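Notebook open, model loaded. I'll jot things down in the order I look them up.

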Amino acid sequence: MNKATPNVTSSNKLYADTVTIHPRKVKGPFRSIKWWLMAAMLAFWHLAPFIRWDRGPGVASQAILADMAGRRGYFFFIEIWPQEVYYITGALLFAAIALFFMSALAGRVWCGFLCWQTVYTDLFVLVERLVVGDRSARMMLDRAPWTASKLAKKTVIHAAWIAISALCGIGFTLYFGDAFQTVREIFTLEASIGTYSAIGIVGGACYLLAGFAREQVCLYMCPYSRFQSAMFDEHSLIISYEAWRGEPRAPSRKGESFEGRGHCIDCKACVQACPTGIDIREGLQMACIGCGLCIDACNTMMDKVGLPHGLISYDSEANLFARAKGEAPQTKLVRLRTVLYTVLLAAIGAGMLFALGTRHTVEVNVLHERSPLFVPLSDGSIRNGYTYKVLNMVRKDRIYSLKTVGIEGASLEVVGSGQGKGAETELQVPGDQISTYRIYVNVPENNVSNIKTPLQFVLTDKADGHVVQSETIFAGPGR
Amino acid sequence: MASLEKDSVSGQYTTGHEWDGIRELNTPLPKWWVYVFWACVIWAIAYWVAMPAWPTVNGYTQGMLGYSSRGDLDNELKLQKVARSQWLTKLQAASVEDIAKDKTLLNYALVGGKLAFGENCAPCHGTGGVGIAGAYPRLADDEWIWGGTLADIAQTIKFGVRNTNGESHVSEMPKFGADALLTKEQIDQVSDYVVSLASKAPAAGSLGEAIFAEQCVACHQEGGVGSKDVGAPALNNNIWLFKGDKEVVKQAVAAQVTAPKHGAMPAWSERLDEATIKMLTVYVHSLGGGK
């Protein structure tokens, strides 16, 4: 058999080649907004962990902190415990609906301006431009043979990318411990393997996703572009090309009249400016991340040929049609969709505020011991053992009085407290801790006749009178 | 072999065979796959040489590295022992009373004691010292046969009850019935009296009281309060080792007086080290009845 490799032509390949996209530099309001947002977001990401907030002894005095070892989450004045993870669920729900709301009103502002993938890709492209030059220079360099100069340029680019990625990874780790200390440890090589791994994973992801994958992330990895159409209606703002005004397109020569033809001069400035490499003139498409850079590019060209702005604009489908028909465009913010999202947002927000406002700062768990279920004592009374846990979720010690309700003559004793038996006993619970007590409850035999009798533990805060009741059972031999 | 033929749609060569008009594209294994395959084969051969791999008639090939998972476990256990040794030496040096006072030492001893209890004591005394009525005393109540202080408990654990160890608790109750020391009638009367002791209303002036004073007081003491020195249980409460059911307590007492059952317990100092016995002592003491 002939072992020669069969001819593979482009027509029989299963996958299309990935073409590296080199967006052209543009100037305009959208570009400016993107620069400012990038600066603000990166500044927040890297500086927020350094905001101080007094948390008392034993914890980093940090405003935003996920203390894994101590199992607490801190966000300014909010402190949550592991079992209160529903606050995070609420925040995520709120964020998801806010995203839908944003999309219904103003299109993919998240994708175009706020998404970290967009921000870091933008930053990485900026690095390329500063080192190599604009679109055409970069494309030429890519095609050029490997020379010392090309190697030097590529090395500088990748070194800068790696530095940015490493910073991104370091930024991530700062949210999990004292930021100043973590930075010091990282650079003196004293941080844990876990810290360095986190920097490697987050930084590596940044380097790969923003340096190489870029628009592939938006096209193939991110689910959001696939279901964006579910959030849109004809009044949602999108990047739109006014085909009625632009077509038929043709290149324009100086001095030539625009009579009888479209305003699009087919300069492809919009295509070259696009970070995902699409042609917006083909209409709304999945790959459009709504960044508005083609608008800036087109408006610059319109200025040059002396035509009005807005051939490509940030506008709604409805307005596009209105203008085509010569009607006045109108903005319609109040729609069933936006009202619904507003109501949902308000409801979740109010629910979270309520939950935070009425957050319990003490929680109790009672476990009835099962081996032995009950113990008859020599004086004829019956004893049950309980494991009683008090979660004191504030940073101050509290003094409680504990008693039982439900069985006549019950007395209780905290094992090892040295307080002895009594109808009521005192618990001193240190702040920000879970304290576990073993408690014996004694009942004269004649006062319990059932195998199982309901019993309540009543915990009263001696300072403010706050009461926590917990249901449990008292086991006996029965009669 | 048929002639080499190219498929017009995919541009790939076919295998050259034709089955009822169906031809098959020739798609060889990817090169990387073949390389990985051979790398795995080489790895496997190297593994057979280096590591224990093949069974032989009486054992297995040891491999050049001399690895064994049992050896691994051994090493881990040794490391564990080293890690524990600082606690164990501390426990060895301290008395049980000191351990009970030192909070960190007590915590360690309670956890260790719980484990040791589960392995050695729970088969008879039950988890948490719940005991088995009629056979093994409950350790969670405040009634003790041989004493419930730390020292008493340590003594009982170390040397046990009615075993071959020279220092074990030994005393036994006479077989009043079987050895004809008392008649059946007398046993009935004294049993009545013992039951009345437990109900806190001793039948004063009864025939049973006289028999009790004559035969039982030596060990069970005046009023049936019992004696820890000879392991004579208290009879003046409702905790009965050999029968928990009150309806038949009297028959149970009678049976015991006639031909006593005697429990036994091993001397654990012959099986466990001192530190473990100390941990067990504080653990048993903590179960709820420690004096």
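I started with the secondary structure of chain A: 15 helices and 14 strands. This is a predicted model, and I kept that in mind throughout. Chain A has 479 residues, of which 27% count as buried. I also looked at how far its contacts reach along the sequence: taking contacts between residues at least 6 apart, 69% join residues at least 24 apart.

Confidence next. The average pLDDT of chain A is 89, with 97% of the residues at 70 or above. Where does pLDDT stay under 50 in chain A? I found that stretch at residues 1-8, where the model has 9 contacts beyond four places in sequence. Coordinates in low-pLDDT regions should not be read in detail, so I left those contacts alone.

Then chain B. I noted 11 helices and 2 strands there. Reading along the sequence, I get the two strands first and the helices after them, β-β-α-α-α-α-α-α-α-α-α-α-α. Of its 291 residues, 29% are buried. For contacts in chain B with a separation of 6 or more, 52% are between residues 24 or more positions apart.

**Helix H6(A)**

I picked out H6 of chain A, residues 148-173. Its 26 residues reach 37 Å from first C-alpha to last, close to the expected 38 Å. Which of its residues are buried? My list reads A:Trp161, A:Ile164, A:Ser165, A:Cys168, A:Gly169, A:Ile170, A:Gly171 and A:Thr173. Looking for what covers them, I found helices of chain A including H1 (29-47), H4 (116-131), H7 (179-187) and H8 (193-213).

**A sheet in chain A**

Next I traced an open sheet of 4 strands, in the order S11-S9-S13-S14, with antiparallel pairing. S11 (424-429) and S14 (467-475) are its edge strands, each pairing on one side only. Ignoring direction, neighbouring strands are turned by 30° against each other on average.

I spent a while on S9(A), residues 398-405, which pairs with S13(A), residues 452-461, over 6 bridges. On that side, I see A:Tyr400 opposite A:Asp461 and A:Thr404 opposite A:Phe457. S9(A) is also joined to S11(A) by 6 bridges, again antiparallel. There, A:Ser401 has A:Glu426 as its bridge partner.

Which side chains of S9(A) point to the buried face? I get A:Arg398, A:Tyr400, A:Leu402 and A:Thr404, while A:Ile399, A:Ser401, A:Lys403 and A:Val405 point to the other face and are not buried. Such alternation between the two faces of the sheet is what a regular strand shows. So A:Tyr400 and A:Thr404, both with partners in S13(A), are among the buried set, and A:Ser401 is in the other one.

**Nonpolar cores**

Last lookup. The largest nonpolar core has 47 residues, and those with the most contacts inside it are A:Val441, B:Met279, B:Leu280 and B:Val282. H11 of chain B (residues 274-286) gives the largest share, 7 residues. I also found a second, separate core of 42 residues, with A:Val119, A:Tyr241, A:Ile265 and A:Ala273 among them.

What does B:Met279 touch, leaving out residues up to four places away in sequence? I wrote down B:Leu91, B:Ala109, B:Gly112, B:Gly113 and B:Ala116.

Notes: Residues are numbered from 1 along each chain as its sequence is written. Chains are lettered from A and ligands numbered from 1 in the order in which they are written. This is a predicted model: local features need pLDDT of at least 70, side-chain atom pairs count only at pLDDT 80 or more; totals for chains, interfaces and linings use all residues. pLDDT is the predictor's confidence in each residue, from 0 to 100. Two residues are in contact if their C-beta atoms, placed from the backbone, lie within 7 Å. A residue is buried if 20 or more other C-beta atoms lie within 10 Å of its own, exposed if 12 or fewer, and partly exposed in between; C-beta atoms are placed from the backbone. The expected span of a helix is 1.5 Å times one less than its number of residues. Two strands pair if DSSP finds at least two bridges between them. Axes are lines fitted to C-alpha atoms, for helices over the stretch in contact, and angles run from 0 to 180 degrees between N-to-C directions. A nonpolar core is a set of buried Ala, Val, Leu, Ile, Met, Phe, Trp, Tyr and Cys residues joined through C-beta atoms within 7 Å.
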